[in-house]
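Trainee: Could you take me through one part of this model in detail? I would like to see how its helix sits among its surroundings.

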Amino acid sequence: MDRNPPGEGALVGRRKVHQGRVVEVAVDRVRLPNGVEVDLDMVRHPGAAAVLPFVDDDTVLLVRQYRWAAGGWILEVPAGKLDAAGEDPAACAARELAEEAGCRAGRLEPLGFIWTAPGFTDEKIHLFMASDLTPATQELDRDEVLTVVRMPFRQVLALAEAGEIPDAKTQAALFQARLRRGGGR
């Protein structure tokens, strides 16, 4: 039985609180599907793409990146924000793969997308799997501090399953790739 009332929500008004380099923070006045009006804090984000590069059938590349918000270093897939409104997520994934991991993909396969935290942000990350890699020039942004890590896919999956890779986009890309590659380990 569907317990959700019929209808859609509607934006009644918006008050911008802050405009940053990457995000906008606003308070949205929203009419919910049940007719109730509420103020919701919203972080608006242009979206992003993340890519899990396969060196071969058994080996992947990740980046160990310093993340201030996470309190230090985390292991994650190469990723970055969409640079322009309407940018093709596959083009973004290819760019980030070259810039962060120093390689280009001969094949880029979509793995779906995730909402990072739909309770307060509209950030959507498009996930990809890359293969047939060739070298490219790594070009890190000024605020990117990372090293490329080459690991067996099985080992990375085991780390994720053990809770040692807490990054959501990386977990989602890993588990989607495992499903696409036959579900096994």
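Mentor: Happy to; let us look at helix 1 and what lies around it.

A word on conventions: this is a predicted model, where local features need pLDDT of at least 70, side-chain atom pairs count only at pLDDT 80 or more, and totals for chains, interfaces and linings use all residues. Residues are numbered from 1 along each chain as its sequence is written, and side-chain values use heavy atoms, with hydrogens and water left out.

Helix 1 covers residues 89–101; helices (H or I, at least four residues) and strands (E, at least two) are DSSP runs, numbered from the N terminus. Its 13 residues should span 18 Å at 1.5 Å a residue, and the end C-alpha atoms are 17 Å apart, which agrees. That expected span is 1.5 Å times one less than the number of residues.

Now for its surroundings: 10 of the 13 residues are buried, so helix 1 is largely enclosed by the rest of the structure. Buried means under 20% relative accessible area, exposed over 50%, and partly exposed in between (1.4 Å probe, protein chains only). Among the buried residues are Pro89, Cys92, Leu97 and Ala101, and also the charged-type names Arg95, Glu96, Glu99 and Glu100. The cover over these buried residues includes strand 4, strand 5 (59–67), strand 7 (79–81), strand 8 (103–115), strand 9 (124–135) and strand 10 (146–152), with contact meaning heavy atoms within 4.5 Å. Just past the end of helix 1, glycine 102 adopts a positive phi of about 70°.
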